[in-house]
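Biologist: Please pick one residue in this model and look at it closely. Then work outwards from there to the rest of its chain and to the neighbouring chains.

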Amino acid sequence: MVENCNYEQEGTIIFLLKKKYFGMIVLLYPIILQSASLPGNDLPVPEFAASEDVVSTAGHVRLSWDVPDNAENLAAIEFELQQTSDVAFQKAKTIYSGPDRASFISGLPNGDYRFRVRARLDGEAGGWSTPVTVQVQHQSLRLAFTLLGLGAIVVLATVTLVIVGNRKANIE
Amino acid sequence: MSHQSAILSANIGWILLAILGVLWIWLGRYWGKKAQSMEGFMLAGRNVGLALGVATTMATWITSNTTMLAPQFALQLGVWGMFAYSTASFGLFLFAPLAKRIRQLMPNGYTSGDFIRLRYGKATWLVFLVISIFYGFTWLISMGMAGGILMNALAGIPYEIGMTVILFVCVTYTLFGGLFAVIGTDFIQSVIILIGIVVVGFGIVHSIDFGKTYTHLESESPMLINVLLPASIMAIFNNLLFGIGEIFHSNVWWSRAFAMRKNVGQKAYLLGGLFWLPIPVAAGFIALTGSTLGINITSPDMVGPLVAANVLGSVGAIVVFAVLFCSLASSIDSLLAATSDLITEDIYRKLFNPKASEQNLRKVSAFIIVGLGFLTWLICLPRVGTLATVLFFAGPLVGSTIWPIATGLYWKNASAKGALWAMLLGSGIGLIAYFQLGWYTATLISAAVSMLTVLIFRATVKEDFNWKHLDEPKIQTAGGN
Amino acid sequence: MLYFPETFLYIVIIGSLIFSGVAFVALLLLLLKDKKTNKVW
C-alpha cells in the first residue's frame, strides 16, 4: 500500500554537498575557528550538510556531514557525533562513532539540541565541526485532537454507510 | 546512502535474485496454460477459491511499503506509528461487503471503470479514469524504484540492474499467466513473507533484552513510546482514509472481487484484512530496538533490513532479501495486471474498438502490459528521488473516490453529478490542503469534502438508478456468442 | 509524559508475531481444504 512517508521532510537536513565551499566558509566565518579546537594533527574538520539550524515538528532529524574530498586517509577516517542540550557542550554525550556520514535520530521531546562531529583516525581526533542546533517543537495536541475528531467523523460515517447499505442489500 | 555498506554479499544477492526470478517466471508459464481465454487472463476464470483469495488480498496489500515503511514509521513516530499503519487493514475489512455487492450487481463486470461508467456515465467515468490511472502508474513507479534501491542497499547490486531485473521478471510472468499467475504467485509470496517476518521477529525478540530496550527508549527517545505524540495522533485517520480510498477505487481490488468465486469475496477480504493486521507491528517493532543495540541508522527507510542483518547476521539478511523481493513482486504484478485491464477494457474496448474480438483484446492487453512495464522502467531509470513525492498527491485524489464508490453501490439515489463534483472538489480542495496546511490533512479533507458533496447532491438532485443497468453482457468469445 | 506500559508493548509485539504464525498455518489449511473440495481455482 501507499503511505505518506514524507514525515521526514520537516526534520531532514537537506543533503547539500558543501565540500566545494568548505575552504571559503572557514575563511569567512571566524566563529568556526573559535569553536573548533585546534589539535596538533591535520585531520580534516567535518562539516554538517545543513546550512542553518533545523526545526522539527515530529522529534526526528537526519544529520549528515562530510569532509573535503582531498583529505588524506579518507576511507579510514571514522567520525564521532556528540549531542548536548547545553550551549557549551559540557554535558555532551557521544551518540555515534564509526565510518557512516549520517545519523538518524528520533523520539526527541520538545527542546533545543546541539550536535557536533569530528574526525578520528588511529586514536587521534581532529577538530570539532561547527555545531548545528535542532529545535524540536512538537505540533500542539489541540491540533492533533481536532484532526483526530474530524477523521473519526468521516470514518464513522463511511463505516455506517457500508454497514447499513450491506444490511439493506441483504434484505433485498 | 551516505556510506552505508551493503549487508549481504553481492554473490548471494545475485543467486537469490536469480532463483526467485526464475521461479516466478516458471510458475507464470505453468499457470499461463490456464489463462487462454480473456476471462481467464483478466479474471482467472472468475473461480478463485478462499485460500488463494485470502492470500492474494494479503500479499498485494503487503507491499515493500509495509515491510520497509512499517519499521520506518516505528522509528519516526514510535509505537503509534506502527499502530497507525496497522489500521490500513480497515480498508480491506470495509471492502469485504463491497466485494460481495460488486459480484452480485455485476456478474459479468471486468473493471472498476466499468462500474463508474455504467453507474454514473461518461463524464464521471473520465475523471475517475484519470485518478485511477495516475494512482496505479505512480504506485508502479515507486515500486520499481524501491526495487532498485533495495537490491542496491541490501546486496550492492547496481540500481539499474536490480530495478530492471525485478520489472522484467514481473512483466514476464504477468504476461504469460495473467491473473492466474498473479494470484498463484501471491500465495507463495504470502507464505514466504509470513515465515520471514515471524523468523526475523522471534530472532530479534530472542536476542534482545526487552526491559533494557524499554529503559533505553524511555531515556533516549521518550517520544517513541509516548501515548500522546501529536505527529502520530493527527496522522492516524488521514492514513486510514488514504488506505480506504486506495482499496475502494483501485481496479487491483475490483478485479479480485470479480475473480473470486461467488460467496468467497467477502470472506476472503475479511480474513485477508485480519491476517494483514499484525504485520506492521511484527515487522515494525524491530526498528525500536536499533538504538539500544548501537546500530547507526543513516537513512530511516533502511532501518528494518539494517537491524535484521545486524542482529541475525547473513541469515537475517537473506530472509529480509527474500521477503522484500516477494513483497515487491506481489504488488508490481497486481498493478501491471489491473492497470492493463483498466486500459484494455475501459480505454481500448470502450473508447476505440467496441467490437474487438477476444483474441484481439488478449493481444492488446499483452501489448499494454509490456508497454506499461517499459514506460515504468524508462521513468525509473534516472532514479529521480523527487518522483516518489508525486505519489503523495494520490492521497487526496483517491480519498475523493470513497463516497462516490460506496454510495454508488448502495444508494439508488446517488447522482452522477454528485459523484463527479465530489471527485473534483474533493481532489482539488484536498490538494490545496496538502500545500497550505500539510500533508497530514490532505486525504482527510478530500474525503470530508467529497462526502459532503455527495450528501448535498443527494438532498437536491432526484435520481432513481436501476441496478439492472450494471449487468452488462459478456465480451464476445471466439465462437461468436 | 504518559508512556505505553512495557508489558503492554511486550504482549502486543509477541501477540502479533504469534498471530502472523497462525495466519501462515491458516493459509496452508485453507489451501488444503480447497484442494479437497476441488475449489482452488
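**From one residue outwards**

Modeller: Leaving aside residues up to four places away in sequence, Ile429(B) touches Ile445(B), Ser446(B) and Val449(B). The model is a predicted one, and what follows should be read with that in mind. Ile429(B) belongs to helix α21 of chain B, which runs over residues 416-436. The three partners fall within the range of α22(B), residues 439-460. Ile429(B) counts as buried because it has 20 C-beta neighbours inside 10 Å, and 20 or more is what the class requires. For a distant reference point, take Ala44(B): 385 residues separate it from Ile429(B) along the chain, and the two C-alpha atoms are 39 Å apart.

One partner of Ile429(B), Ser446(B), is also touched by Ser400(B). Ser400(B) sits in the loop between α19 and α20 of chain B. Its other contacts, again not counting residues up to four places away in sequence, are Ala422(B), Met423(B), Gly426(B), Ser427(B), Gly430(B), Ala447(B) and Ser450(B). Of these, Ala422(B), Met423(B), Gly426(B), Ser427(B) and Gly430(B) have numbers within 416-436, the range of α21(B). Ala447(B) and Ser450(B), like Ser446(B), have numbers within 439-460, the range of α22(B). Ser400(B) is classed as buried because it has 35 C-beta neighbours inside 10 Å. Ser357(B) is 43 residues from Ser400(B) in sequence, and their C-alpha atoms are 35 Å apart.

Elsewhere in chain B, helix α16(B) covers residues 303-352. A straight helix of 50 residues would span 74 Å, yet the end C-alpha atoms of α16(B) span only 48 Å. The helix has a kink of about 140°, centred on Gly313(B). Most of α16(B) is covered, with 39 of its 50 residues buried.

For the chain as a whole, chain B has 22 helices and 0 strands. Its radius of gyration is 22 Å, close to the 23 Å that the globule rule gives for 481 residues, so chain B is as compact as a globular protein of that length. The C-alpha trace spans about 65 × 50 × 40 Å along its principal axes. Buried residues account for 65% of the chain. Among contacts in chain B with a separation of 6 or more, 84% join residues 24 or more positions apart.

That leaves the neighbouring chains. There are 2 pairs of chains in contact, and chains A and B share the most contacts. In that pair, 59 residues of chain B meet 48 residues of chain A. Among the elements that give two or more residues to the chain B side are α19(B), α20(B) and α22(B). The loop that holds Ser400(B) lies between α19 and α20. The most is given by α11(B), with 10 residues. By class, this side of chain B has 37 nonpolar, 20 polar and 2 charged residues.

Chain B also touches chain C, in a contact that takes 36 residues from chain B and 24 from chain C. The chain C side divides into 18 nonpolar, 3 polar and 3 charged residues. Chains A and C do not touch, and their nearest C-alpha atoms are 10 Å apart.

Conventions
Residues are numbered from 1 along each chain as its sequence is written. Chains are lettered from A and ligands numbered from 1 in the order in which they are written. This is a predicted model: local features need pLDDT of at least 70, side-chain atom pairs count only at pLDDT 80 or more; totals for chains, interfaces and linings use all residues. Two residues are in contact if their C-beta atoms, placed from the backbone, lie within 7 Å. Ala, Val, Leu, Ile, Met, Phe, Trp, Tyr, Cys and Pro count as nonpolar, Asp, Glu, Lys and Arg as charged, and the others, Gly among them, as polar. Helices (H or I, at least four residues) and strands (E, at least two) are DSSP runs, numbered from the N terminus. The expected span of a helix is 1.5 Å times one less than its number of residues. The bend at a residue is the angle between axes fitted to the seven residues ending there and the seven starting there. A residue is buried if 20 or more other C-beta atoms lie within 10 Å of its own, exposed if 12 or fewer, and partly exposed in between; C-beta atoms are placed from the backbone. The radius of gyration is taken over C-alpha atoms; the globule rule is 2.2 Å times the number of residues to the power 0.38.
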